[in-house]
Structures are given as C-alpha cells and as structure tokens.
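This report describes a ligand site and a few backbone features of one protein chain. Please look at the sequence and the structure first.

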Amino acid sequence: MQKINNWEWIDLAETGSTNDEALHLTSGAKGHKYIVTAQKQNSGRGRRGRGWVGLEGNLFMSMAVEMEPCKWGQAVFVVSLSLLETVRTLFPTVDIKLKWPNDVLVADRKISGILLEKGEGGYLVIGIGVNIKKAPQIEGVIYPAVSLAELGYETDRITFLKKYMDIFDKNVNGWNTCGFGAIRQRWLADVKGLGCEIRVRTDKEEKDGIFEGVDENGLLLLKTNDKTEKIYAGDVFFPR
Ligand code: BTN
C-alpha cells in the first residue's frame, strides 16, 4: 500500500467499482483511512440508482473514513468545495460553479460526481469521479458532461488526486475546528442559481421556487409561495 498524506492508498489496474472496493475494506477496519483508485472502472455507480461510465484517463476514487453519521450530510459540501478548489488551484481562470447537492460544473457542464455510501463500523465511503480526459456523451442525461481536457485544461488523474487530497485534508481540519458555517459560506459563494428560480425534481414530484441557500445540514432551502421548504434529496434544474 502507498500513502497520500496519512491515508493508505491502493491504486488498482481495473475494478468494477472503487466504492465496492472501499466498502470491502471497511469490514473489520478501525483507525485507518483508505483511498482506493482504479485506472479502469467497469461498473461504476452514480446517485439515485444511476451508473457512472468509466472512461480511461479519468479519476475514479473512493475514500473510506470513520465519521459520525450526523456529519455525513455536511461532508458532501466539504467534498464538493474541495473539488472546486482543486480545479481552481490547477487552472486559476476556470469558469466553475457548484450545483446542489454535490455537482461541480465547468463551463456549465458537469465534470464530476460524488456518491456517499455507508460502510461498516461507522465508516463512510466517499466515491468521486472526475472527467479528466473524456466525458461520456449520453442522450437523455440530466445534465450534460464535459472533461477538463476537452476544455483545454490538461492534467492527469494522479496529479489531480494528490492536489485534491491536500485541499480536502485542509478543509476537513477547518471543518473540525471551526464548524460547518465557514464551509457553507464558501460553498454558497460559488453555487449556481442562488437567489434565482430553480426547479427541483425529487423522487415524488417537481417543485419550482427560489433557491434561498442550504441549512446547517446541507438541506436545500426552496421558497415556494410564502413558505420555505427543506429539500432532502433531488436534482436541481435551471430554467433557460
Ligand atoms: C453521480 O451520480 O453524480 C455520482 C457518481 C459517482 C461516481 C464515482 S466514480 C468512483 C466511485 N465508484 C463508483 O462506483 N462510483 C463513484
């Protein structure tokens, strides 16, 4: 096993899903932090039952870390903010935005995806896919995808991973010492559509309203008529 900062890191040639590999590592583990990456990922999972296409050269990574479940809702904001800051550090002039709950958009197209899953014994598995070299061109996706390379931003999965881990570790330290407030403020400063009309598609329905922000647990605050509703999970769309 190699190391990145104080994480144990396994880089596989090929796997079905790095999240499955990381989930497997959590069984019987204690006091360790793991990163699993793969050069090829053949059956990646996405949010809400969707898949994640594994194009070569892209980053497929999963972190396994012990964390109290009450913090998991906030963790996704630390993860996505750290992704944004990594891209911005590597490419300072990039046009980049966040989209609730956990997407990162470059030039208004999706470059990454995040999938949180519950491991064993208090472990959280954080799966991240980043379109470094290529992006899937699939009809009917909920948000069009792009890769950094297609926009002229050249890097490779390992350079990106190491920069990401530096930034993520720093942000986790800040979160642990100062709380979620500062992370939430920084996240809101770069989110798309704050204060604007949005549409949210949940499992049950679609709702239109004004995107007012996120609460202390990361739930979306949507102003509809005269009340503010809290949305737990869903996909956000922006009217053209
Ligand atoms: C999304 O739907 O936007 C989330 C996609 C998450 C994909 C990543 S790729 C690495 C890790 N392994 C998986 O099987 N999924 C995540």
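## The ligand shell

The model is predicted. In it, 19 residues surround the ligand, and the closest are Ser-17, Gln-41, Arg-45, Arg-47 and Lys-110. Sorted by class, this shell holds six nonpolar, ten polar and three charged residues.

Some of the closest residues make polar contacts with the ligand. The side chain of Ser-17 places an N or O atom 2.7 Å from an oxygen atom of the ligand. The side chain of Gln-41 has an N or O atom 3.1 Å from a nitrogen atom of the ligand. With Arg-47 the backbone is involved: one of its polar backbone atoms is 2.7 Å from an oxygen atom of the ligand. The ligand taken alone exposes 420 Å², and the protein buries 99% of that area.

## The pocket and its elements

Where does the ligand sit? It occupies the largest pocket. Five elements are listed as giving two or more residues to the shell around the ligand: helix 1 (18-26), strand 4 (44-45), strand 6 (59-66), strand 9 (109-118) and strand 10 (123-130). Strand 9 supplies the largest share of that shell, with four residues.

## Lys-110 and Glu-120

Lys-110, one of the residues closest to the ligand, belongs to strand 9. Is Lys-110 buried or exposed? Its relative accessibility is 16%, and because the cut-off for buried is under 20%, Lys-110 counts as buried. In space, the C-alpha atom of Lys-110 is 6.0 Å from that of Val-146, although the two residues are 36 apart in sequence.

Glu-120 is in the loop between strand 9 and strand 10, two elements that each give two or more residues to the ligand shell. Glu-120 has a relative accessibility of 46% and so counts as partly exposed. Its C-alpha atom is 41 Å from the C-alpha atom of Pro-239, which is 119 residues away along the chain.

## Backbone features in loops

Most residues other than glycine have a negative phi, and most peptide bonds are trans. Several loop positions in this model depart from that pattern.

Which peptide bond is cis? The bond from Trp-100 to Pro-101 is cis, with omega near 0 degrees. Pro-101 lies in the loop between strand 7 (96-99) and strand 8 (103-106).

Asn-5 is not a glycine, yet its phi is positive, near 50 degrees. This residue is in the loop between strand 1 (2-4) and strand 2 (7-15). With a relative accessible area of 41%, Asn-5 is partly exposed.

Asp-108 also has a positive phi without being a glycine; the value is about 65 degrees. Asp-108 is located in the loop between strand 8 and strand 9. At a relative accessibility of 29%, Asp-108 falls between the limits of 20% and 50%, and therefore it counts as partly exposed.

## Thr-228 and its distance from Asp-108

Thr-228 is part of strand 14, which covers residues 227-231. Its relative accessibility is 42%, so Thr-228 counts as partly exposed. Between the C-alpha atoms of Thr-228 and Asp-108 the separation is 27 Å, with these positions 120 residues apart along the chain counted as their distance in sequence.

How values were computed:
Residues are numbered from 1 along each chain as its sequence is written. This is a predicted model: local features need pLDDT of at least 70, side-chain atom pairs count only at pLDDT 80 or more; totals for chains, interfaces and linings use all residues. Side-chain values use heavy atoms; hydrogens and water are left out. A residue is near a molecule or strand if one of its heavy atoms lies within 4 Å of it. A polar contact is a pair of N or O atoms within 3.5 Å; within protein, one must be able to donate a hydrogen and the other to accept it, and residues adjacent in sequence count only if both atoms are side-chain atoms. Accessible areas come from the Shrake-Rupley method with a 1.4 Å probe; for residues, only the protein chains shown count as cover. On a 1 Å grid over the protein atoms alone, a cavity is a set of points where a 1.4 Å probe fits but cannot get out, and a pocket is an open set with protein on both sides within 12 Å along at least five of seven lines; lining residues have an atom within 4 Å of a point. A molecule sits in a cavity or pocket if more than half of its atoms lie within 2 Å of its grid points. Ala, Val, Leu, Ile, Met, Phe, Trp, Tyr, Cys and Pro count as nonpolar, Asp, Glu, Lys and Arg as charged, and the others, Gly among them, as polar. Buried means under 20% relative accessible area, exposed over 50%, partly exposed in between (1.4 Å probe, protein chains only).
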